[in-house]
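These notebook entries record what I looked up in the structure. I began with the nonpolar interior and then turned to the strands.

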Amino acid sequence: MKQTTCRIALAAVIAIAASAPAAFAQELEPGAYTVSPVGINLLNLSYGFNTGDVTFDPSLPVEEASARIHSVSFAVGRSINLAGRSATALVAFPLVGGHVSGLYLGQPAAVDRTGFGDMRVRVGINLYGEPARRMPEFAKTQRSKVNIGTSVLVVLPTGQYDPQRIINLGLNRAAFKPEAAIIRNFEHWMFEIYGGAWLFTSNHDFAGGHTRSQEPILSVQFSLRRTFRTGLWVSANANFYRGGRTNVDDVAKQDFQSNSRVGTTIAVPLTRRNAVRFAVSKGAYTTIGADFLSISASFQQAF
């Protein structure tokens, strides 16, 4: 019995670790608010592949662009006690490589980029439902039927950036995403609703010295999960996000986004302390910027 309850507790930790690479409005990340025991460390190694159309700023002379992008992200974190509530702190470091092709000034062109992307830091806390508990107490306590959580995700401008280049791996600006979530647990099912907003600082060295700003992007995500046994589950995911019009030197561009994506995620436990996760998603409704296929795999370790 003790081994089973510990396995349940560590499965919760692994669900948290898997959410570490989340960064953009279009990403689908079920399990980001799963409550875990206090004092557990998290490691996550993930690989992602994205392919499809790319939308550049309308002020730039790039048309009909498409990309194949590979990324590897290493994340570390810890489950903590924050004012008596269960919380997590995570830091992710992405390495990105990609190939972009299209028309530049009406002529065929292609470019490759490899290097570090922008670092991501996330702090999340469970506001209602389960309080902060260490492993022994957590493992023997029944899970709450309803949990309400909130988080802040920060993207720092640490990635590779050259203002003379049109294509960069870093964005040379910071981004913040405050978010709230409601999770409803059933016997073998879980329903999650996330709602948040991306907020951006300005890039004052865009395309050779211009200032590029971006309006907020509002997002909502829905996930329905079916658990077959401890740590083994499948979820159906969907989101919708709207906004994000950009301005270059205070001139508004025609790049307002109103998009949605759908996908599925599968988690498979390897031992009671680690698991693998696979996910695939695709643009369902696209006005600009989301018409791509995304495939990812990750390995999670709790200790």
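**Nonpolar cores**

I looked first for the largest nonpolar core and found that seven residues make it up: Leu 153, Val 155, Ala 175, Trp 198, Phe 200, Ile 217 and Tyr 241. I then checked which strands feed this core, and noted that strand E6 (146-156) and E8 each supply at least two of its residues. A second core, separate from the largest one, has six residues; among them I listed Ala 32, Ala 181, Ile 183 and Met 190. I note here that I am reading a predicted model.

**The whole chain**

I next took the totals for the chain. I counted two helices against 17 strands. The chain has 303 residues, and 48% of them count as buried. I also looked up the accessible surface, which comes to about 14300 Å². Carbon and sulfur atoms account for 61% of that surface. Among contacts in the chain with a separation of 6 or more, 64% are between residues 24 or more positions apart.

**Strands E7, E8 and E11**

I returned to E8, since it had appeared in the core entry. Which strands did I find joined to E8, and by how many bridges? Strand E7 (residues 175-185) is joined to strand E8 (residues 189-200) by nine bridges, and the two run antiparallel. I traced the connection between E7 and E8 and found a hairpin of three residues. For a reference point in this pair I recorded Ala 180, which stands opposite Gly 195 in E8.

I then followed E8 to strand E11 (residues 217-229), to which ten bridges join it, again in an antiparallel arrangement. Here I recorded Met 190, which stands opposite Arg 225 in E11. I had already entered Met 190 as a member of the second core.

**The open sheet**

I looked last at a sheet elsewhere in my list. What is the order of the strands in this open sheet? Four strands form it in the order E9-E10-E13-E14, with antiparallel pairing. I identified its edge strands as strand E9 (203-206) and strand E14 (251-252), each of which pairs on one side only.

I examined one pairing of this sheet in more detail. E9 pairs with strand E10 (residues 210-214) over two bridges, in the antiparallel sense. As the reference point I noted Phe 206, which stands opposite His 210 in E10. As a general remark, I add that the strands of a sheet pair through backbone hydrogen bonds, either parallel or antiparallel.

Methods
Residues are numbered from 1 along each chain as its sequence is written. This is a predicted model: local features need pLDDT of at least 70, side-chain atom pairs count only at pLDDT 80 or more; totals for chains, interfaces and linings use all residues. Side-chain values use heavy atoms; hydrogens and water are left out. Two strands pair if DSSP finds at least two bridges between them. Buried means under 20% relative accessible area, exposed over 50%, partly exposed in between (1.4 Å probe, protein chains only). Contact means heavy atoms within 4.5 Å. Accessible areas come from the Shrake-Rupley method with a 1.4 Å probe; for residues, only the protein chains shown count as cover. A nonpolar core is a set of buried Ala, Val, Leu, Ile, Met, Phe, Trp, Tyr and Cys residues joined through side-chain atoms within 4.5 Å.
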